[in-house]
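Let's take a walk through this fold, one neighbourhood at a time. Have the viewer open and follow along.

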Amino acid sequence: MSKLVIVESPAKAKTIKKYLGGDYEVIASMGHVRDLPKARLCVDVKNDFKPKYAIIKGKEKLVSELKEAAEEADTVYLATDPDREGEAISWHLAYILGLDEDYHNRVTFNEITKTGITEGMAHPRSIDQNLVNAQQARRILDRLVGYSLSPFLAKKIRRGLSAGRVQSVALRIIVDREEEIRKFKPEEYWSIDARLTAEGSRSIFGASFYGDKNGEIKITNKEQSDKILTDLESAAFMVESVKKGKKNKQPAPPFITSTLQQEASRKLGFQAKRTMKAAQELYEGVDIEGMGAVGLITYMRTDSLRISEDAVQEAVQFIGERWGKQYLPSKPRHYKARANAQDGHEAIRPTSVALTPKDVESSLTKDQYKLYKLIWERFVACQMANCVLNTTQAVITAGDYIFKASGYNVAFDGYTVLYEEGRDVEEEKGKDLPKLEAGMSLKVRDLKGTQHFTQPPARFTEASLIKTLEENGIGRPSTYAATITTITSREYVTREGKSFKPTELGEVITKLMKERFPDIVNIKFTAAVEKELDEVQSGQEDWVHTLHDFYDDFEKTLKKAKTEMDGVKIQLEEDKTDLVCPNCGKPMVVKFGRYGKFIACSGYPECKTVQKIVNDTGAKCPKCGGKIIEKKSKRGRVFYGCDNYPKCDFVSWDAPSDKTCPVCGKVLLKKKDKAQTLYCVTPGCTYTFNKDDAGEKDGE
């Protein structure tokens, strides 16, 4: 009796085949096999949004092979991923292969291990139509919004633009923050800090001005600061009171999809897309030396903090053996998920704590290793004892004024021996205070006032944007990577370091959307739609009714916008250039074609002059003296080359600096390292300069 198991990917198929043995054939569908075709709406709006699915172009041969394998098998199991998307893939496969949707042939694996696969195969079920309908509703909703709004934006602003239900809100959040930053008016304030020593001690500690006996005083200008400093010149500093205490720091819970993306961004510098790629590989299975294909983590698309008891006990045993019983809490930790969590799967954890990052490092890629280490450490730490801090707070009098000092030391490191959660804004490291007692006189080593200005809110990083989307119920963790990729690749936002800054194009689109489609970019409205989709998944709401609720009003809004903006074209400042057409003398403007940006004559179609956009670095080629220009590889990676190519073959991944070589006078390139090393690539010259090299002179 032959049994066929269909999964999405070859890697997953290989790992599962290892555990199921010779009685099973395991093949991959390579993701979706049927979908809404591109280029057309393919949704019958007048017939209750009936979708018109078709085999995905290029997968016809694969589908034929799947059909042939299914016909030869006695039993077919659909083992796609355990989420909405996976359920929909199984549903489409059942339709294509002529399988009974009510038959119990759907199996799911929370982890690709022997235990996980055995458990999944032992409990087959029928396809969950509620999950399928939730995915269908989301897919159709996004198609309706995208295919309706994108042509409108293209007509009113420029070709090639797109809008989306989630991406438009994400863009608005970034644009709104930029507006806050522009409108922000800094306010002056001053701090006064003292450096003090206690009787019989040479240790210097810091104390900050608080106010006087009547309460806190805010210093708003230099005159006020100078007056207080003058008053303090003859003041005796004395400890009025000392309060000692203990503070417990608890470990962070295990990862869910969104927190994994945030922490990988903070600690590893991974973009969400890169994180999910590595996580998918770790889940599906990696060839581990001496073990074969092993799934190293549980399913990585989850919003649940639930952990299996077996996993908890394994972690407890490991911690006790590795660090001792003192590193275990009084009882194992269990974490509560937020109110609107689906709780369909466990939290993200290693499938076996015994497989430490060091054990598998040689079998993993760099990205896989870094992410596995992060997941492993976070999970183990979540079952460890608290970190205990000894805290000291001192109130210090100086004449009529009051200063305060605080410090701490680690009484017991607890979970921090292994892992500490990253922060969007790094906290200052606290220092311990010397032994202080009430009535003790203090000696002033230094006393100064410092001017400050309040700072505008920070731009969003990938981590803080994902956190904001999640907190507001916008999209789902599995969609964040695609959303961020879209708004950056479309050049609606740019990255400045780790931060997102909207382009003029992004701001113009958001302004138009806020004016004409306020619901689409309304955070609360979008969150409410997400909630309705969740209710479809739980069977509380009908998916067609949900689509009508949204689309009927949206269609009216779109018609109104088209009527009122008939003939209106929005001109972008960034589309203008200071170049003049060499053929007709009219201004040249930036245009967007299917292969990206180019410069064209504004007199088109009468004048069809076009030019490439060249980003000149201002540096001269060290080989021939030509211009070094910025280029892009086929994969979009920036590199630098000579504009005399192919006559000159100079290329470099490193950017040219604004400095020249003191030996040969040619341009120096700068490496992407912490030391900001400058080096010469002129043939025969080996000069290098490292800012940390004390042997080099400044400015060389």
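Strands here, like helices, are DSSP runs numbered from the N terminus, with at least two residues of type E for a strand and at least four of type H or I for a helix. Two strands pair if DSSP finds at least two bridges between them. Before going on, keep in mind that this is a predicted model, in which local features need pLDDT of at least 70, side-chain atom pairs count only at pLDDT 80 or more, and totals for chains, interfaces and linings use all residues. Residues are numbered from 1 along each chain as its sequence is written, and side-chain values use heavy atoms, with hydrogens and water left out.

Start with strand β9, residues 204-212. Strand β8 (residues 188-198) runs antiparallel to β9, and five bridges hold the two together. Look for Asp193, which sits opposite Ser208 in β9. Five residues lie between the strands of this hairpin, and in it Gly200 takes a positive phi near 70°. At its other end, so to speak, β9 makes another hairpin, this time with β10 and with two residues between the strands. Strand β10 covers just residues 215-216, and its antiparallel pairing with β9 runs over two bridges. Here Gly211 faces Glu216 in β10. Then there is β15 (residues 401-412), antiparallel to β9 and joined to β9 by four bridges. Phe209 has Phe403 in β15 as its bridge partner. As a bit of background, strands of a sheet pair through backbone hydrogen bonds, either parallel or antiparallel.

Stay with β15 for a moment, as it leads to the aromatics. Rings of Phe, Tyr and Trp (its six-membered ring) count as a pair if their centres lie within 6.5 Å; planes under 30 degrees apart are stacked, over 60 edge-to-face, and the rest tilted. The whole structure has 15 such aromatic pairs. One of them is Tyr327 with Phe412: the ring centres are 4.8 Å apart and the planes are at 45°, so this pair is tilted. Tyr327 is in the loop between α10 (309-323) and α11 (357-360) while Phe412 is in strand β15, so the pair ties together parts 85 residues apart in sequence.

Now for some helix packing. Helix α6 (residues 167-183) packs on helix α14 (residues 477-489) at about 65°, with the axes 9 Å apart. Those axes are lines fitted to C-alpha atoms over the stretch in contact, and angles run from 0 to 180 degrees between N-to-C directions. That makes α6 roughly perpendicular to α14, a label for angles of 65 to 115 degrees (under 35 is roughly parallel, over 145 roughly antiparallel, the rest oblique). Who touches whom? Gln167, Ala170 and Ile174 of α6 meet Thr483, Thr486 and Ile487 of α14, where contact means heavy atoms within 4.5 Å.

Finally, head further along the chain. One open sheet has four strands in the order β23-β24-β25-β26, with antiparallel pairing. Its edge strands, β23 (615-620) and β26 (651-652), each pair on one side only. Strand β25 (residues 638-642) meets β26 over two bridges, and Tyr640 has Ser652 in β26 as its bridge partner. Another open sheet of four strands, also antiparallel, runs β27-β28-β29-β30. At its edges β27 (655-660) and β30 (688-689) each have a single partner strand, so one side of each is left without a neighbour in the sheet.
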